[in-house]
Amino acid sequence: MLISFLSRKLQKIAIKVSTYFSPKPPYFTSNVLQKITNKFLNDPLLFCLAPLSLPIFYLILLLPKHIRPKFGTLNVERLGHFGGDFMIRYSEVILHPNKQNIIHTLSKSKSCNSFLYVFAKRNLRCSYIARIYLTLAHAMPLTRSLHEPTPGSDYFDTHSRDLLGITQQTKNPIFTTEENNAAKRWLMSKGWTESKPIVCMLNRDPAYLKTLYEFSTAYHDFRNCPIHTYKHAAEWLIDYCDAFVIRMGKIAEERLSLDTKSFVDYPFIHDQSDFLDVWLWINCDFFISCGTGPDIMSSYSKNPGIYLN
């Protein structure tokens, strides 16, 4: 009851302050305000630090634009969006000096992939303090210029697509020697040799989304395709290109069985890892997919591939 009461009061105050100081920006709706007040009330540290941070927050606005920090986040809940947004932002930071001032906040509890969470923090400027300032940038008047929208947000209407092709102009983020060696040891344990090109193959089915959401995702079923329609392609790649084919995905409905040691049905093995989910897509030599999401990391890594079905 108390949280609900405080939430309503904070929402009314925020609307009045915003209306008094500046025209209401397009995103400043009651739903957004409700989310903002819930963030403050559900995070005691954020609630305590926000008032102390407010003077510094407005002092930041007085800094010249070329050194003024901005605050942003990435969509970490789905691997396709997280991987795509990360690689777009990584390329932006390299190509555009003004993007180097962005400080990110990433939600570890909501992250779909623990390794990509660490990998993103290793390659981008990240800090918990950014969460405070990002929340304030949404809530306070005259501070919209401090908010850097997520690359895949509705603000840009790109949905994690690299419309400008900036990921093709930069080198891929670097894995450590230990990480590369660990991935190669795993591949060799499955029958891969250095001479074999790695091909990642992925189809879309509803199995994974059923583990995430309680509501029906059938409205996306038109994007699905059965993995057995890729069987002949996998066999041809193995027989005629001496490729090592990995059917990707954390969870899947249908198995794909091939009588060869050069194929791994990844969703049905016991030694999956978040690390391999990222490393394989970024480092494969070729990919085949139907545009389901995680494959975007391979495309942004400049790996050749085709989209089927």
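Author: Let's start with a word we'll need: contact means heavy atoms within 4.5 Å. This is a predicted model, where local features need pLDDT of at least 70 and side-chain atom pairs count only at pLDDT 80 or more, while totals for chains, interfaces and linings use all residues. Residues are numbered from 1 along each chain as its sequence is written, and side-chain values use heavy atoms, with hydrogens and water left out.

Reader: Okay, so which residues is L187 in contact with, leaving aside its neighbours within four places in sequence?

Author: L187 touches W192, I198, F244, I246, W279 and L280.

Reader: And how do I read a nonpolar core?

Author: Think of a set of buried Ala, Val, Leu, Ile, Met, Phe, Trp, Tyr and Cys residues joined through side-chain atoms within 4.5 Å. Buried means under 20% relative accessible area, exposed over 50%, and partly exposed in between (1.4 Å probe, protein chains only). Here, the largest nonpolar core has 43 residues, and F86, L187, I246 and L280 have the most contacts inside it. Apart from it lies another core of 15 residues, including V199 and Y230.

Reader: Is F86 buried or exposed?

Author: F86 has a relative accessibility of 1%, so it counts as buried. Y90 is buried too, at 13%.

Reader: How do I spot an aromatic pair?

Author: Rings of Phe, Tyr and Trp (its six-membered ring) pair if their centres lie within 6.5 Å; planes under 30 degrees apart are stacked, over 60 edge-to-face, and the rest tilted. The whole structure has 11 such pairs. In one of them, the ring centres of F86 and Y90 are 6.0 Å apart and the planes are at 40°, so this pair is tilted. Both residues sit in helix α4 (residues 79–95), four residues apart, about one turn of the helix. Helices (H or I, at least four residues) and strands (E, at least two) are DSSP runs, numbered from the N terminus.

Reader: What about two helices packing together?

Author: Fit axes, as lines, to C-alpha atoms, for helices over the stretch in contact; angles run from 0 to 180 degrees between N-to-C directions. Under 35 degrees is roughly parallel, over 145 roughly antiparallel, 65 to 115 roughly perpendicular, and the rest oblique.

Reader: At what angle do α7 and α10 pack?

Author: About 95°, with their axes 11 Å apart, and they are therefore roughly perpendicular.

Reader: And α4 with α5?

Author: Those pack at about 10°, again with axes 11 Å apart, so α4 and α5 are roughly parallel. F86 and Y90 turn up here as well, among the α4 residues that meet α5.
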